[in-house]
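Here are a few short exercises to work through with the model open beside you. Try each task before you read its solution.

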Amino acid sequence: MKKFLLNIFAFGVCLLIADKGLVFLRKISPQLEVDKRLEMIVTGKIQSDILIFGSSRGARSVIASQITDSLGRSCYNLSYPGSDITFHEYLLQATLEQKNNKKPTTAILVVDDGDELKTTPALKFRYDRMFPLVDYKMIRDELVRRNKKKMFFADILIAHQLNRSNLMLRKKKFTKRDSITREGSMLIWKQKKTFNYTYKSEPYIYSKQGELLWKLKAFNGFVKLCKKNNIELIVAIPPNYRAATDGFKERMEEQLNGFGTVFEFDPTIKEYKDDNYFFDNSHLLKRGAHIFTAELSGILKDIKKVR
């Protein structure tokens, strides 16, 4: 029995030693990432007055450098394609929690017309952006909080902290579509080959039916973070290659409950009905993003004048 226990103990020691050897994988993973924006948040390198949050519509439709040039205020884009409001809320919260980050004076939340609070398979919490950064305790703690890792094992076993992505020891590269500008925007220059050129002038009618409680909670959480930290909030609705959803802007205003501003693109601008300004039916090309960003900059200027 004593020999058996000694063997078990020796096996456990060997296992722990081998586990500690995995620290190499944990440390090298962040270095292999090409999108450094989340790591910038975690390491306290966000130093902009204006931060942009959103999915691909925020990444593609808003040119952060153009806002900086127009307003003379530093602007950075933290929009991630495929992300939903739960991830946007997390990014803002993480930015504020890391004390070395500059607290923004303005947050621009770019929302998905009609889909922001509903089930959309293409939009989710971007855990895949977090797994490569498990070398940072702040990330590990958040994964535990969201039940992606177990607290006890996450504290003692490096193997439990890792994900399949940590085993891919190749330097990531930008694709032509997902290259990131110095200010965080992800602009597109060339139109999608399968673009549908039919402009739908009949608007969809927005309904609260199908809204998800957890998305409503995250949206309200984002608003509360802005309000608590005295951050000016702009909820921006960029154009699709179709008429705007009737009633969606009003629903966003209802959710803001008097705090912040909802800005919807100007439907009279002729370029928003011109397919030459769109990548596909939901995203602007750079030339279209330039027009929408100019609109957004004008709203920010007007708000500043009023104040």
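**Exercise 1.** In this predicted model, classify how helices α11 and α12 are oriented to each other.

*Solution.* Start with the angle: α11 (residues 213-228) and α12 (residues 248-256) pack at about 60 degrees. Angles of 65 to 115 degrees count as roughly perpendicular and those under 35 as roughly parallel. The two helices are therefore oblique to each other. To complete the description, add that their axes lie 10 Å apart.

Next, find the residues that make the contact. Helix α11 contributes Leu 216, Phe 219, Asn 220 and Val 223, while α12 brings Arg 251, Met 252, Gln 255 and Leu 256. Sorted by character, these residues give five nonpolar, two polar and one charged.

**Exercise 2.** Classify the aromatic pair of Tyr 206 and Phe 248, and locate its two members.

*Solution.* The whole structure holds 14 aromatic pairs. In this one, the ring centres of Tyr 206 and Phe 248 are 5.4 Å apart, with 65 degrees between the planes. Plane angles over 60 degrees count as edge-to-face, and that is the class of this pair. Now place the residues: Tyr 206 sits in the loop between α10 (158-161) and α11, and Phe 248 belongs to helix α12. With these positions 42 residues apart, the pair links distant parts of the chain.

**Exercise 3.** Describe the largest pocket and its lining.

*Solution.* Its volume is about 390 Å³. The lining comprises 21 residues, with Glu 33, Val 34, Asp 35, Arg 126 and Arg 129 nearest the centre. By character, the lining has nine nonpolar, three polar and nine charged residues.

Methods: Residues are numbered from 1 along each chain as its sequence is written. This is a predicted model: local features need pLDDT of at least 70, side-chain atom pairs count only at pLDDT 80 or more; totals for chains, interfaces and linings use all residues. Side-chain values use heavy atoms; hydrogens and water are left out. Axes are lines fitted to C-alpha atoms, for helices over the stretch in contact, and angles run from 0 to 180 degrees between N-to-C directions. Helices (H or I, at least four residues) and strands (E, at least two) are DSSP runs, numbered from the N terminus. Angles under 35 degrees count as roughly parallel, over 145 as roughly antiparallel, 65 to 115 as roughly perpendicular and the rest as oblique. Contact means heavy atoms within 4.5 Å. Ala, Val, Leu, Ile, Met, Phe, Trp, Tyr, Cys and Pro count as nonpolar, Asp, Glu, Lys and Arg as charged, and the others, Gly among them, as polar. On a 1 Å grid over the protein atoms alone, a cavity is a set of points where a 1.4 Å probe fits but cannot get out, and a pocket is an open set with protein on both sides within 12 Å along at least five of seven lines; lining residues have an atom within 4 Å of a point. Grid points are joined across faces, edges and corners, and a volume is the space filled by probe spheres set on the points. Rings of Phe, Tyr and Trp (its six-membered ring) pair if their centres lie within 6.5 Å; planes under 30 degrees apart count as stacked, over 60 as edge-to-face and the rest as tilted.
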